[in-house]
Amino acid sequence: MNLLLIDTDIASFIFKASDYATPYLPLLNGHDLAISFVTVAELYQWAILRQWGERRLEQLKQSLLNYIIIPSDELLCQEWAKVRAERHVIGRPISPQDAWIAATALRHDLPLAT
């Protein structure tokens with residue numbers, strides 16, 4: 001399997017059929033696409049904040065079927081802690097959400113498109 005992890009922004013660009021997705025499309029072609037569990041949560045938060053109706057939420061649910069969703073596990077939690085701590089020590093903090101996505105790539109040895 002030729003798996004590529006994409007971050008929330010790219011998943012969002014694809015879902016919205018945004019022009020922002022265009023530069024990424026050649027990179028994504030030929031790959032099975034994965035997203036972190038946190039990307040799923042962020043996309044649903046986005047929908048809730050924008051008060052989407054049932055039809056639009058169903059479109060989101062259907063679009064998520066196009067991805068392999070990588071869940072959390074204990075090793076991923078340990079990797080997340082390392083990412084957050086290392087970034088803190090060097091004075092370049094990373095958001096919890098971005099750290100989950102980075103940790104997912106590291107934990108599963110996946111290339112990350114961000």
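Let's start with one residue, T104. T104 is buried, with a relative accessible area of 0%. A word of caution: this is a predicted model. T104 is found in helix α6, residues 96-107. What is T104 in contact with, leaving aside neighbours within four places in sequence? The list is L5, S36, I70 and L76.

Now the cores. The largest nonpolar core has 18 residues. Inside this core, the residues with the most contacts are I6, L28, I35, W52 and L60. Which elements each supply at least two residues? Two strands, β1 (3-6) and β2 (32-36), and three helices, α1 (8-15), α3 (37-49) and α4 (54-64). The largest share comes from α3, with four residues.

Take I6. Residues up to four places away in sequence are not counted here. I6 touches A11 and I14. I6 also touches L28, L33, A34, I35 and T39. Further along the chain, I6 touches Y67, L112 and A113.

There is a second core, and it is separate. This one has 15 residues, including V83, I94, W100 and A103.

Next, helix α1. Is α1 largely enclosed or not, and why? Six of its eight residues are buried, so α1 is largely enclosed by the rest of the structure. The buried ones are T8, I10, A11, S12, F13 and F15. Look at the ends. D7 caps the N-terminal end of α1. A side-chain oxygen of D7 lies 3.2 Å from the backbone nitrogen of D9. Just after α1, A17 takes a positive phi of about 55°.

On to the aromatics. How many aromatic pairs does the structure hold? Seven. One of them is W80 with W100, and this pair is stacked. The centres are 5.0 Å apart, with 20° between the planes. W80 lies in helix α5, residues 74-89, and W100 in helix α6, so the pair ties together parts that are 20 residues apart in sequence. Are these two tryptophans buried or partly exposed? W80 is partly exposed, at a relative accessible area of 22%. W100 is buried, at 16%. The cut-off for buried is under 20%, so W80 falls outside it at 22%.

Two more ring features. F13, Y20 and Y24 are linked into a cluster by ring pairs. F13 is also one of the buried residues of α1. Finally, back to W52 from the largest core. The charged end of R56 sits over the ring of W52, 4.6 Å from its centre.

How values were computed: Residues numbered from 1 in each chain as written. Predicted model: local features only at pLDDT ≥ 70, side-chain atom pairs only at ≥ 80, totals over all residues. Heavy atoms only, no water. Core = buried A, V, L, I, M, F, W, Y, C linked by side-chain atoms within 4.5 Å. Buried < 20%, exposed > 50% of the residue type's maximum accessible area, 1.4 Å probe, protein only. Contact = heavy atoms within 4.5 Å. Polar contact = N/O pair within 3.5 Å; in protein donor to acceptor, adjacent residues only side chain to side chain. Phe/Tyr/Trp six-rings, centres within 6.5 Å; stacked < 30°, edge-to-face > 60°. Lys NZ or Arg CZ within 6 Å of the ring centre and 35° of its normal.
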